Amino acid sequence: MDPLRPEVPKSIQDCQTAGIRVIMITGDAKETAVAIAEELGILKGNSNACYTGAEFEALSNDAKKRALQGRNGKVFYKLFPGNKS
């Protein structure tokens, strides 16, 4: 795992304080993505808010909308460039 840039934790916290929900998108493995997201306070112990690109794409449109709802952060991991758009 690469070290976090020093300004990132405060930036995430500032976003959350402003009511902005943070969604992390990465090509990393789940374990790495969850560790980073927890360190940044994005997941706050809720690793159920994590999806691979394939898992998310397999959901129905309604299920995708439900997965993205709520105020808590989400993590998308093991994504390929095409998934990111």
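Helix H2 (residues 30-40) buries Ala-33, Val-34, Ile-36, Ala-37 and Leu-40, where buried means under 20% relative accessible area, exposed over 50%, and partly exposed in between (1.4 Å probe, protein chains only). Looking down the axis of H2, these buried residues fit within an arc of 165 degrees, so they line one face of the helix; the arc is that of the directions from the helix axis to the C-beta atoms. Glu-31 and Glu-39 sit on the other side of H2 and are exposed. The cover over the buried residues of H2 includes helix H1 (8-17) along with strands E1 (23-25), E2 (50-52) and E3 (74-77). Helices (H or I, at least four residues) and strands (E, at least two) are DSSP runs, numbered from the N terminus. After H2 comes Gly-41, with a positive phi near 80 degrees.

All of this is read from a predicted model, in which local features need pLDDT of at least 70 and side-chain atom pairs count only at pLDDT 80 or more, while totals for chains, interfaces and linings use all residues. Residues are numbered from 1 along each chain as its sequence is written, and side-chain values use heavy atoms, with hydrogens and water left out.

Stepping back to the whole chain, the secondary structure adds up to five helices and three strands, and along the sequence they run α-β-α-β-α-α-β-α. The chain has a radius of gyration of 13 Å, close to the 12 Å from the globule rule for 85 residues, so it is as compact as a globular protein of that length. That radius is taken over C-alpha atoms, and the globule rule is 2.2 Å times the number of residues to the power 0.38. Along the principal axes, the C-alpha atoms fill a box of roughly 35 × 25 × 25 Å. Of the 85 residues in the chain, 32% are buried. Among contacts with a separation of 6 or more, 68% come from residues 24 or more positions apart, contact meaning heavy atoms within 4.5 Å.

On the surface side, the chain exposes about 5,800 Å², and carbon and sulfur atoms supply 50% of that; accessible areas come from the Shrake-Rupley method with a 1.4 Å probe, and for residues only the protein chains shown count as cover. As for charge, there are 12 positive and 10 negative side chains, with the centres of the two sets 8 Å apart. In that tally Lys and Arg count as positive and Asp and Glu as negative, with His and the chain ends not counted; each charge is placed at NZ of Lys, CZ of Arg, CG of Asp or CD of Glu.

Helix H4 (residues 61-68) also has a buried set, made up of Ala-63, Lys-64 and Ala-67. Seen down the axis of H4, they fall within an arc of 105 degrees, so they line one face of the helix. Over on the other side of H4, Asn-61, Lys-65 and Arg-66 are exposed. E2, helix H3 (53-58) and E3 are among the elements that cover the buried residues of H4. Just past H4, Gly-70 has a positive phi of about 100 degrees. Leu-59, in the loop between H3 and H4, is partly exposed at 27% relative accessible area. Leaving out residues up to four places away in sequence, Leu-59 touches Tyr-51, Lys-64 and Ala-67.

Next come the loops and their partners. Thr-52, in strand E2, is buried, with a relative accessible area of 15%. Apart from neighbours within four places in sequence, Thr-52 is in contact with Tyr-77, Lys-78 and Leu-79. Lys-78 itself lies in the loop between E3 and helix H5 (81-84) and is partly exposed, at 47%. Its phi is near 55 degrees, a positive value in a residue other than glycine. Gly-27, from the loop between E1 and H2, touches Lys-78 and Leu-79, again not counting residues up to four places away. Gly-27 is partly exposed, with a relative accessible area of 44%, and its C-alpha is 9.4 Å from that of Gly-53, 26 residues apart in sequence. Finally, Lys-44 belongs to the loop between H2 and E2 and is exposed at 63% relative accessible area. From Lys-44 to Gly-73 the C-alpha distance is 8.4 Å, across 29 residues of sequence.
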